[in-house]
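These are my notebook entries on a single chain. I set down what I looked up, in the order in which I looked it up.

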Amino acid sequence: MGVRGCPARLLLPSLLLLSLGLPVLGAPQRLSLICDGRVLERYILEAKEAENVTMGCAEGCNLSENITVPDTKVNFYAWKRMEVGQQAVEVWQGLALLSEAVLRGQALLANSSQPSETLQLHMDRAVSGLRSLTSLLRALGAQKEAISPPVTASAAPLRTFTVDTLCKLFRIYSNFLRGKLKLYTGEACRRGDR
């Protein structure tokens, strides 16, 4: 027998899966990952870095079409009064729209005449980051809360607007992570004691 009753032959594959970031049965680490402030801060830092890179960008950062993104403004008074289910709906809707927007931005960048490798790298990181954040939120149970909000929770339609540059797209990405996503995960982690 290996560590804590786990057969030795299963320990190595489990460690390999964990190192790749893949879920392993009986491994509660994914639940607490989003609750570790350093994890979300890493994604925020990447988003802010991408925004900073595109701030000085001129022609190559204009998008050939407008992209719809979620409004990232937070009314803190209203947010604190919202039911958890309403908060989850707003975060999931915003995350879904933001993911679509970043994927569209990635496609537009790839189809541009001379896409910058640096911009492509930041776009790829944003796509990967949004996928990871989606998985982490699922592990936290946010999707379940969003699907079955209390009956009294009448979700308002998601506020949106359009952006026409990569800088604005990355600013929205950064603001969404620092705002609604951070507020929601902070509360969900405290509530769940994770």
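**Entry 1: H3 against H6**

I began with one helix pair: H3 and H6 pack with their axes 10 Å apart, at an angle of about 155°. The two helices are therefore roughly antiparallel to each other, since an angle over 145 degrees counts as such. I recorded the crossing of H3 and H6 as left-handed. I note here that the model is a predicted one.

I then listed the residues that meet. From H3 they are Val39, Leu40, Tyr43, Glu46, Glu49, Ala50, Val53 and Thr54. From H6 they are Thr118, Leu119, His122, Arg125, Gly129, Ser132, Leu133 and Leu136. Sorted by character, the residues of this H3 and H6 contact give 8 nonpolar, 5 polar and 3 charged.

**Entry 2: The chain as a whole**

I stepped back to place this pair in the chain. I counted 8 helices and 2 strands in the protein chain. In sequence order the pattern reads α-α-α-β-α-α-α-α-β-α. The chain has 194 residues, of which 36% count as buried. I also looked up how far apart in sequence the contacting residues lie: among contacts with a separation of 6 or more, 86% join residues 24 or more positions apart.

**Entry 3: H5 against H6**

I next examined H5 (residues 84–110) with H6 (residues 117–140); their axes come within 10 Å and cross at roughly 155°. That angle makes H5 roughly antiparallel to H6. H5 passes H6 in a left-handed crossing.

On the H5 side, the contact is made by Val91, Trp92, Leu95, Leu98, Ser99, Val102, Leu103, Gly105, Gln106, Leu109 and Ala110. On the H6 side, I listed Leu119, Gln120, Met123, Asp124, Ala126, Val127, Leu130, Arg131, Thr134, Leu137 and Arg138. The residues of the H5 and H6 contact comprise 14 nonpolar, 5 polar and 3 charged.

**Entry 4: The largest nonpolar core**

Which elements give two or more residues to the largest nonpolar core? I first noted that this core holds 42 residues. Val102, Leu137, Leu166, Leu169, Tyr173, Leu177 and Leu181 have the most contacts inside it. The elements giving two or more residues are helix H3 (37–55), strand E1 (62–70), H5, H6 and H8. H8 supplies the largest share, 11 residues. I set beside this a general remark: nonpolar side chains tend to be buried together in soluble globular proteins.

I followed Tyr173 further. Apart from residues up to four places away in sequence, Tyr173 touches Ala47, Leu98, Ala126, Gly129 and Leu130.

**Entry 5: Two residues of H6**

I turned to Ala126 and Gly129, both of which Tyr173 touches.

Ala126 is found in helix H6 and counts as buried, because its relative accessibility is 1%. With neighbours within four places in sequence left aside, Ala126 is in contact with Val102, Phe170 and Tyr173. From Ala126 to Tyr43 I noted 8.4 Å, C-alpha to C-alpha, across 83 residues of sequence.

Gly129 is also found in helix H6. Is Gly129 buried or exposed? At 1% relative accessibility, Gly129 counts as buried, the limit being under 20%. Beyond its neighbours within four places in sequence, Gly129 is in contact with Tyr43 and Tyr173. The C-alpha atoms of Gly129 and Ser99 are 9.6 Å apart, with their positions 30 residues apart in sequence.

**Entry 6: Two residues of H8**

I closed with Ser174 and Lys180.

Ser174 lies in helix H8. It is buried, with a relative accessible area of 0%. Which residues does Ser174 contact, leaving aside neighbours within four places in sequence? I found Ala47, Lys48 and Glu51. Ser174 and Lys48 are 126 residues apart along the chain, yet their C-alpha atoms are separated by 5.7 Å.

Lys180 is found in helix H8 (residues 166–192). I entered Lys180 as buried because its relative accessibility is 3%. Residues up to four places away in sequence not counted, Lys180 touches Asp71, Thr72, Lys73, Val74, Trp79, Glu90, Val91 and Arg159.

Technical notes: Residues numbered from 1 in each chain as written. Predicted model: local features only at pLDDT ≥ 70, side-chain atom pairs only at ≥ 80, totals over all residues. Heavy atoms only, no water. Helix = DSSP H or I, 4+ residues; strand = E, 2+ residues; numbered from the N terminus. Buried < 20%, exposed > 50% of the residue type's maximum accessible area, 1.4 Å probe, protein only. Contact = heavy atoms within 4.5 Å. Axes fitted to C-alpha atoms, helices over the stretch in contact; angles between N-to-C directions. Parallel < 35°, antiparallel > 145°, perpendicular 65-115°, else oblique. Left-handed = near helix turned anticlockwise from the far one by under 90°. Nonpolar A, V, L, I, M, F, W, Y, C, P; charged D, E, K, R; others polar. Core = buried A, V, L, I, M, F, W, Y, C linked by side-chain atoms within 4.5 Å.
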